[in-house]
Amino acid sequence: MQYRKFSADRIFTGYRLVEDQVLIIGSEGEVIDLVPSAEAGDSVQRLEGILVPGFVNCHCHLELSHMKGMIPEGTGLVDFVYRIVTGRHHTEAEIIQAISYAEEEMIQSGIVAVGDICNTALTLSQKKKGHLQYYNFIEASGWLPSIAEARFNRSLDLFKQFSELPGGMAATSIVPHAPYSVSKALWELLQAQYRNRVVSMHNQETAFEDEFFLHGTGDFNRMYKLMNIDNSHHRPSGLSSIRSCYSLLSNAASLILVHNTFMGENDADFVMEQAGRSGPLPYFCLCINANLYIEKALPPVAMLREKNAAIVLGTDSLASNWQLSIVEEINTLLENFPLLGLEEVLAWATINGAKALQMEGKLGSFEKGKNPGLVVLTEERGKFKSSILK
């Protein structure tokens, strides 16, 4: 077997930064070993910077790639969602081309796996090429109870199509979009689909999400009016958004809560406590650049860290971000939260993400037998840049 050997200023194993080590890789990219430099022998390729495993993007909307730059920054969530729903007027060919470009952008930035939200089958042709590993989240939404069955059946049809991709049913789940977009009738139909699967859900992305469930007031009422959706069936639960639906997610093996921009400490405690009582294992996905793009807001990073929450990273879509790069998510986090260390954030971007998508057996760290990809980080003027090793 032909080996390749790499040393670097530092190597991030997936768990910690180490120095004076050599990574040995097999001919197919698999990890053979990580050994002290003195034991590595000759023919070691020296790299400048930090050698890290490939990144895991836990939240993306690849099918929205054609909407890059179409929605102004700072619109707020209601107007952003309205523009997404009403702005899908591109041809299928244009959308598929944009998907291809966006996937290549992710590959070149060092991303090796993606948790991708799917509302259509438009990403299927690109994913069949096998360039990246995907966990496909078939997203169900429908606020009107009368359309619950039709929306559920549509999700089932998409589930069958995506289950034919590499990874099959083990890498595909039907998931709710968000508490404010899934009616009680649709929740009841979806609930059985979560059993032993990874479930992803948008959570507390805006300040008035909790207000809508606590009191029935707030800007979501304006959104339903904009979309001509009858909201008369809604009865406030008197609870926060996440508490209003959490019991319906109890069948899931794990739960990726996305954004959490306006999640309070009590709700974080609640989710963590439920996990301790045999509830779904929670992961908290930060998409900081999308939060700044849509709401000009920052997620509660310090609070989540204090709770020892399992944090992962996502890019969201090109409709709500300037690029699809986990490195740029890392740069923005480090810039806005000086309390963070690079080692910690790299773990969020690698091994934590792999665990969240149930891909830790092959990705996320430089452990024997894995094939996690090779990325080199270099720093220039306080910002990290990435390049991939092939």
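A residue counts as buried when its relative accessible area is under 20%; the exercises below apply this cut-off to a predicted model.

**Exercise 1.** Classify the geometry of the ring pair F212 and F220, and decide whether each residue is buried or exposed.

*Solution.* Begin with the planes, for which an angle over 60 degrees counts as edge-to-face. The ring centres of F212 and F220 lie 5.9 Å apart and their planes meet at 70 degrees, so the pair is edge-to-face. Turning to accessibility, F212 has a relative value of 0% and therefore counts as buried, and F220, with a relative accessible area of 1%, is buried as well. Both residues belong to one aromatic cluster, which also includes W143, Y180, F208, F213 and Y224.

**Exercise 2.** Describe the pair formed by Y246 and F270, and state which parts of the chain it links.

*Solution.* The rings of Y246 and F270 are edge-to-face, with 5.4 Å from centre to centre and 75 degrees between the planes. Y246 lies in the loop between helix 8 (241-245) and strand 11 (254-259), whereas F270 belongs to helix 9 (residues 265-276), so that the pair links distant parts of the chain, 24 residues apart. By the cut-off given at the start, both Y246 and F270 are buried.

**Exercise 3.** Identify the residues with the most contacts inside the largest nonpolar core, and the helix that contributes its largest share.

*Solution.* The largest nonpolar core has 94 residues, and F55 and L333 are those with the most contacts inside it. Helix 13 (residues 342-356) supplies the largest share of this core, nine residues. A second core, separate from it, has 20 residues, among them M67, V78, F80 and Y224.

Definitions and conventions. Residues numbered from 1 in each chain as written. Predicted model: local features only at pLDDT ≥ 70, side-chain atom pairs only at ≥ 80, totals over all residues. Heavy atoms only, no water. Core = buried A, V, L, I, M, F, W, Y, C linked by side-chain atoms within 4.5 Å. Buried < 20%, exposed > 50% of the residue type's maximum accessible area, 1.4 Å probe, protein only. Helix = DSSP H or I, 4+ residues; strand = E, 2+ residues; numbered from the N terminus. Phe/Tyr/Trp six-rings, centres within 6.5 Å; stacked < 30°, edge-to-face > 60°.
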